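User: Could you take a close look at one helix for me and walk me through what it packs against? Keep it casual, but give me the numbers.

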There are 2 protein chains.
Amino acid sequence: MRFYDRQDLEFQLWDVAGLDRVLDGSELDREAVTGILDTADQIATDHFLPPARFLDENEPRFVDGHAVLPDGARTAVRAHVDAGFIAAGLKPDHGGMGLPETVHQAAAFIFSAANVGLGGYAMLTVGAARLIESFGSDRQKRDYLEPMAAGRFFGTMCLSEPQAGSSLSDITTRAEPLGDGRYRITGRKMWISGGDQDITENIVHMVLAKIPGGPPGVKGISLFIVPRARLDGSGNDVTLAGLNHKMGFRATTNCALNFGDNGDCVGELLGEEHKGLAYMFQMMNEARIGVGMGATALGQAGYQASLDYARERPQGRAPGGKDATAPQIPIIEHADIRRLLLAQKAAVEPALALALHCAMLVDQHRMGDAGAAVQLDMLTPVAKSWPSEFCLEANKHAIQVLGGAGYTRDYPVERLYRDNRLNPIHEGTHGIQGLDLLGRKVLMGGGAGFHALAAAIRADIPAAGSEFSESLSNRLERLERVTLSLAGAIGADTDRGLANATLYLDLFGHVVMGWMWLRIVAAADRAAARDGDSDFLRGKRQAARYFYARELARCDGWADILQANDLSAHDMAPGWF
Amino acid sequence: MRFYDRQDLEFQLWDVAGLDRVLDGSELDREAVTGILDTADQIATDHFLPPARFLDENEPRFVDGHAVLPDGARTAVRAHVDAGFIAAGLKPDHGGMGLPETVHQAAAFIFSAANVGLGGYAMLTVGAARLIESFGSDRQKRDYLEPMAAGRFFGTMCLSEPQAGSSLSDITTRAEPLGDGRYRITGRKMWISGGDQDITENIVHMVLAKIPGGPPGVKGISLFIVPRARLDGSGNDVTLAGLNHKMGFRATTNCALNFGDNGDCVGELLGEEHKGLAYMFQMMNEARIGVGMGATALGQAGYQASLDYARERPQGRAPGGKDATAPQIPIIEHADIRRLLLAQKAAVEPALALALHCAMLVDQHRMGDAGAAVQLDMLTPVAKSWPSEFCLEANKHAIQVLGGAGYTRDYPVERLYRDNRLNPIHEGTHGIQGLDLLGRKVLMGGGAGFHALAAAIRADIPAAGSEFSESLSNRLERLERVTLSLAGAIGADTDRGLANATLYLDLFGHVVMGWMWLRIVAAADRAAARDGDSDFLRGKRQAARYFYARELARCDGWADILQANDLSAHDMAPGWF
């Protein structure tokens, strides 16, 4: 069973994203990258894909205070880690391999398409390890980063608490100085992915907590390294209070953790006091792009499964052909099935393009391009939220292609849909991403980041004009006008100005995806000029046509609502429901 | 936990649908109807709601060739049936109670909101029993209909086969005359809801099969009564080949059934030979409206659960208020949460209005109004498909309101979302409904049914004009122009003309829902004039505003695509994917 399209991934990497630009001057060449992706493909095919259904039907269990993963999970994750796919995301100094982020993310895409839940452990570990890479002392790097790079320790992010989910200013976990540079940690954390597991010998929790006497709200948050076991092997009073029983994404444990129930939990400060949230944003931003990539991979896996089915399943005849004695046709011959397939393709391919574009921005920033960081900052809410919303919709369509079969657990599409439903929730809900985009990113620096992004999009619109140029130009202009208008509304009244931030996020996201389709089509045209045209390239152009006709067109209605700043939801009094 | 809104149901029945019109001249009065709904409420609350999670987590098992339902299912369904809620849907002559369909459907709504899977058995039994009521002999009514009315036998509809899901012309189940009026049945049926269970002493399968020598395709289909056990109690060679393991809707068994594996399955013809599909359309149409009602009930249950949560869960502060020491506010105070709630309300309330309107049309038709049947025919695809699509979307929003909690099985919203995902698939997929509407219903009789419906909508638009009149008028005109244009396209090329039938269905459905909101608002205005205004009535008007601003507005973009008959999906060659 094909769970992703390798030809498309290669096309996206080399022709659309232009990975060559990053490899120039590095030790890697195209052949080496191909080898890395071959390895990812093989491990994903051999270890991640086969247990996917079993791991869904047999969720992790709470046994004697510990999370016990079902058979197959441990072996699969070890194969993944032992092949170096955590080290791949880390710098060379402390055991990392220093791969370009774009290559690292392309491999992550393959793993997530095969089994998103198993891929979660490495994603979190890389993110936590990078925090130590960025802000830790040399000793902390030796003690924690190196075993993480080697896959002996995994990492987590401990932000939410039972009373503080989206509202981090309300966390109450405390960190009291012990006088020797260490801190006593006391508090309860909720929704901790990978918070306990039986794969690694230790878990490094990255914990947000408040040092008594600090400023209130987010300004008093510091970041602590709190290992499950101390480095001498003794326990550290981190207890698993319970496992959450999820709708999907079950191979990743999700935990309620208690720190210091017995007053004996010790952590160490990472970096400086009261800068915890700023540090944690590094991991959150990476995780947000990772969530978008995971959502994209789930969309891709559903697309492939439904495409296979549509090519093989005979059913019915064309509306024009009513001869009941003629053989049934494969359902891909029905226009409405092609619509369901094309809607998926039109969503998952630009989503992958954006995820890889973001990874390229990380690489370009590492190479000294300051503008890349600005653009990445602007695109992060979109990279997280758009695939979470629209590749979930793609998974819905995948089920529909299979009909009744798609509603059974005999096929993967219903599981992919359940897995993907997590993505609009975690790492900042869809609504939070909208507030982050409209309430912060767009307004920052007098709109400098927004204008830079708009300029980058415009630079990709061919002056000579293509089939799509005018349409994208118009929508970009609409977005600019809407942005200006909402900025004014926010200035007048924050609450009312931000009331439609989520819809703004969708509008912004669709324009960005229109941009991605433009880039994909430009790459297809270059490839056709170079190697001749092909069905593969024709499919890109037709999917872009579909996206522009059916999806980008939605921008007009959204822009109307936003330009008028319709307050029908804002003005609904709670008592009227 | 509130799983539906009784005040809204009463308002919808009396003020919007005008149930009084049906009760005039019947033995029922408002007090009696209230008593029936009280009984439904109590049984649903006591028996249907409590085991909902358990029945989801413990699906029916295949044991020794039979389906075994988990504890609680049998008791609950018996309570439902013993209270007369199957008899309620049948005529008085053979054990039925002859309730107005509108009252019967209002009760069904309550049961489905509590537990849609358990409600499925009665829905199917009523539909099967009505086939016998309509087309059966007196003996068949005594032998099958009466025990069904009493709840001793349940019914099923056996249409699909492994090789023939949507394409009924391809069924191969055979019925060979035995010479004594009986037929030997041989074949395999798939996706049979309630196909086996351990609740009733017998199951009456309504089986589509072909008599050898008949015409090919659907014209050769006849309908047979095939009991699981013969009336003397001996077996009838109907074997349970397997149970389907579904994503949701698990309290209703879903079966693969083999008829006559041992050559000893006997059935009796219902009505005349070769008229089976026409007969079965009675049950299919009822089931389609029933599916829409079930989808609506699931949407309603999710709306109520998320509304309760939003009122109780404190989190964060208003965007304008950044004082971290102020207490957190209930999340319903956040505009984006109100949007998620209002989007649900805006979908589930007109969906209920349409379901009850359709039930009223059934009652009016029974009272001799021929026009009611024409309108019902036209509205059936919408009544089935709109709630299946947009109340599923509502369930998605319900999860989002709860955030991480909504993704766990500790709350009902993720289950409701899984349950509802079935509805766009069964009883004719979303795509099939579009073809039925645009390819048949709209074109029939030179568009007579379509014009009659448009006239009915127009008659409800107040001449003096309300806040919504112009907007609905414009969209209705757009729909008329699009319809004319597509009718021309179909005439020129069936395949291309029908390529966007699903989008047409959505456009048509939104206009109908705009109509329903207009009726709800008119009823609210009448109620306010009569009893004074209230928060309940203000909420109706505000939800209508939201629907018109955010949903009805989508009609314009859809109409543009349809008017141009965009063929981007149609023209995608299978080889280009």
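Analyst: Here's a look at helix 10 of chain A and its partners, followed by a few spots elsewhere in the chain. Keep in mind that this is a predicted model.

Let's start across the chains. Helix 10 of chain A, residues 370-402, packs on helix 10 of chain B, also residues 370-402, with the axes 13 Å apart and an angle of about 135°. That angle makes the two helices oblique to one another; the cut-off for roughly antiparallel is over 145 degrees. As for handedness, helix 10 of chain A passes helix 10 of chain B in a right-handed crossing. On the chain A side, the contact is made by Glu389(A), Leu392(A), Glu393(A) and Lys396(A), and on the chain B side by Glu389(B), Leu392(B), Glu393(B) and Lys396(B). An α-helix has 3.6 residues a turn, so residues three or four places apart point the same way. Sort this contact by class and you get 6 charged residues, 2 nonpolar and no polar ones.

Now stay inside chain A. Helix 10 of chain A also meets helix 13 of chain A, residues 444-460: their axes come within 9 Å and cross at roughly 95°. That falls in the 65 to 115 degree window, so the pair counts as roughly perpendicular. From helix 10 of chain A, the contact takes in Val374(A), Gln375(A), Asp377(A), Met378(A) and Leu379(A), while helix 13 of chain A brings Met444(A), Gly449(A), Phe450(A), Leu453(A) and Ala456(A). The class split here is 7 nonpolar, 2 polar and 1 charged.

Phe450(A) is a handy link to the next stop, as Thr483(A) touches Phe450(A) too, along with Val442(A) and Tyr504(A), leaving aside neighbours within four places in sequence. Thr483(A) sits in helix 14 of chain A, residues 469-492. Its relative accessible area is 5%, so Thr483(A) is buried, the limit being under 20%.

Gly491(A) belongs to helix 14 of chain A as well. At a relative accessible area of 66%, though, Gly491(A) is exposed. If you want a long-range distance, its C-alpha is 52 Å from that of Gly235(A), which lies 256 residues away along the chain.

One last helix: helix 17 of chain A, residues 535-552. At 1.5 Å a residue, its 18 residues should span 26 Å, and the end C-alpha atoms are 24 Å apart, so the two values agree. Helix 17 of chain A is also mostly covered, with 14 of its 18 residues buried.

Notes
Residues numbered from 1 in each chain as written. Chains lettered and ligands numbered in written order. Predicted model: local features only at pLDDT ≥ 70, side-chain atom pairs only at ≥ 80, totals over all residues. Heavy atoms only, no water. Helix = DSSP H or I, 4+ residues; strand = E, 2+ residues; numbered from the N terminus. Expected span 1.5 Å × (residues − 1). Buried < 20%, exposed > 50% of the residue type's maximum accessible area, 1.4 Å probe, protein only. Axes fitted to C-alpha atoms, helices over the stretch in contact; angles between N-to-C directions. Parallel < 35°, antiparallel > 145°, perpendicular 65-115°, else oblique. Left-handed = near helix turned anticlockwise from the far one by under 90°. Contact = heavy atoms within 4.5 Å. Nonpolar A, V, L, I, M, F, W, Y, C, P; charged D, E, K, R; others polar.
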